[in-house]
Amino acid sequence: MTQQIVTTCGRRDPDERGYYGAFGGRYVPETLAAPIEELAAAYLAARDDGMFRQTLDDLLHHYAGRPTPVYEARRLSGAAGGARIFLKREDLTHTGAHKINNALGQALLARRMGKRRIVAETGAGQHGVATATACALLGLSCDVYMGAEDMERQALNVFRMELLGATVRRVDGGSRTLKDAINEAMRDWVATVRDTHYLLGSVLGPHPYPLMVREFQSIIGREARQQIIAQAGRLPDAIVACVGGGSNAIGIFDAFLEDRDVRLIGVEAGGEAIVSGRHAARFAGGSPGVLQGTRTYVLQDAAGNIEATHSISAGLDYAAVGPEHAWLRDTGRAEYTWISDRDALEAFQQLSKLEGILPALESAHAVAYATRVARELGRDKIMLVNLSGRGDKDVQSVAKVLSGGNEGPGTRE
Amino acid sequence: MSRLASTFDALRRQHRTGLVTYVTAGDPSLRVSADILRTLDRAGADVLEVGVPFSDPLADGPVIQRASERALAAGTTLAGVLDLIDRTRPEIAAPIVVFSYANPILRMGLPAFIERASRAGVDGVLVLDLPIEEAGALQQQLGRADIDMIFLLSPTSTTARIRRAATLGRGFLYAISRLGVTGARDAVARDARDLVARIRAESGLPVALGFGVSRPEHVTEIGQWADAAVVGSALVDVIAQHREAADLAGRVEQYVRWMKGVVPA
């Protein structure tokens, strides 16, 4: 259980049981155990297949709009009063977030495996939209599970998914957010696994998902590393990304892991306060446990039940973090912190006004922390922020909060 | 011989089909659960599965999800469930199997869990989301405490997985009749018979078949090829329907006797 990560052919694979140090594994009901072994074998074959990679690369380029730019946010940097802040513009991809990178990859893999139907979960709706899009493109049937609370705060994305031909299935159980949507998607998959692929949207769940999703997202960091060297003449001093499950963060961190001088900073949702039920900062308030197929840091009570979470951002509102992040944190290679609802909301407005870019509320957490670090680092330093998605989906809920609606944001105390 | 082994041994000698019953402990309360366990035993259940409620029961259908929510709302924890077994064990003849998700057990810690389970007189442990590849440490430590580790097998399980479960498992093997979550169905799935035949080809361990069992004719049908039938959601539903009623125990007893073909509904 504590074996080291294997580096083969320049790849960082977990051990053969899917562990990153003490984290990861395959904690699934027996019905899913053999299908997950098949999925792992199919993925490992696909990633070595030049045709598969070429098909995916073509789609990412011609369909999804990659590479996405790296943009120096001069006015934001000026306002922060320190390091130069560069933004990796994942918000400019087709469908408006990094989620499309993984959705296209897994949808192609599903087709290659002969699966005709896709199930997925979604929190903010960005992964659901990306999945519905990939399914429309490849002619796959698509059902997306979404918590009732998230359907309300991301109503625009619900309609987008339906326009794309997906069926959005409302989840009323538990906290009615992302965790409950994953439970329902897994219940569906347990019954339909013979002809259905579960297109999990983050670096969560049983092996091979954390590996597969990271590798589909690692294009973010591969592009960004070349771009920042070309534009700034050197590697950044720090990289900042928000962490829900952690797919955009691992996607940008991956290419820089061996660059030991580059600080890697993940930003979790601090919510209203770091008090049980009012945040989603797993490294601040959690401990190792097993949730939804993987061993990682989890927000749980003394009896091992999963605690309620809160974040203004639906995409970060989840009780567990990707197992590789748990490993990166425990080895000290990456550091993790949190940003409150209130500070994220302020960064949302700041980036909109200073740069003409509406960030997703998720990404606004990274922007908020980046401006803080920029001041600490000082003027001769360079920072790279993963702007993982755009904020159009959040406009309604932000308007509600700013006009004094009931979703009052908290502050960092 | 373990209590589970001797129970299944007796069923085979008597050419009887066993009835394994599942209830979620703490639904509606641990105090009432104690009555329910005693009633199940008295009504003739051959093995008692005692479910530990968990906040995220992703292998369960709506009936057991709701039961878990009620049990958690009533303050039920794994420690409370083990205390319940500890208190009722002396009055109960049937073997008792703890049926749980992994996280409550891991949170308590394996040594503490096994020590308390052993002291309470638990006969077997079944963990829904701990497949063979993750179960090594628990299986070894349970073995040293003479508690049987029970593995689930599914229509999707490969022959290699069935062999490993047959080697590592003790007490009995739990065959899942169909793909999907727990929940009552009108008929026994066609997959079920094939799965039991595939298990029989690899193992001499008794086989109990569950998921979707709700009527006595299901038990009769399953008895043609398996050692026992497991009834879960249908029984939990009886408890849900009558949980406020004064004669809850009577309803439970009547249902179990009906399932065993002793009395009409």
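Me: How many residues does each chain put into the contact?
Reply: Chain B gives 36 residues and chain A gives 35. Contact here is heavy atoms within 4.5 Å. This is a predicted model, where local features need pLDDT of at least 70 and side-chain atom pairs pLDDT 80 or more, while totals for chains, interfaces and linings use all residues. Side-chain values use heavy atoms, without hydrogens and water.

Me: What area is buried between chain B and chain A?
Reply: About 2900 Å², with carbon and sulfur atoms giving 49%. Buried area is the accessible area (1.4 Å probe) lost by two parts on being put together, summed over both. L58(B), R107(B) and E134(B) supply 24% of what chain B buries against chain A, more than any other three residues.

Me: How many salt bridges between chain B and chain A?
Reply: Five. The rule wants a side-chain nitrogen of Lys or Arg within 4 Å of a carboxyl oxygen of Asp or Glu. E37(A) and R161(B) form a salt bridge, 2.7 Å from N to O.

Me: Which residue classes are on the side of chain B that touches chain A?
Reply: There are 18 nonpolar, nine polar and nine charged residues. Nonpolar covers Ala, Val, Leu, Ile, Met, Phe, Trp, Tyr, Cys and Pro; charged is Asp, Glu, Lys and Arg; the others, Gly among them, are polar.

Me: New topic. What does Y174(B) touch?
Reply: Leaving aside neighbours within four places in sequence, its contacts include E49(B), F99(B), L126(B), F151(B) and V230(B).

Key: Residues are numbered from 1 along each chain as its sequence is written. Chains are lettered from A and ligands numbered from 1 in the order in which they are written.
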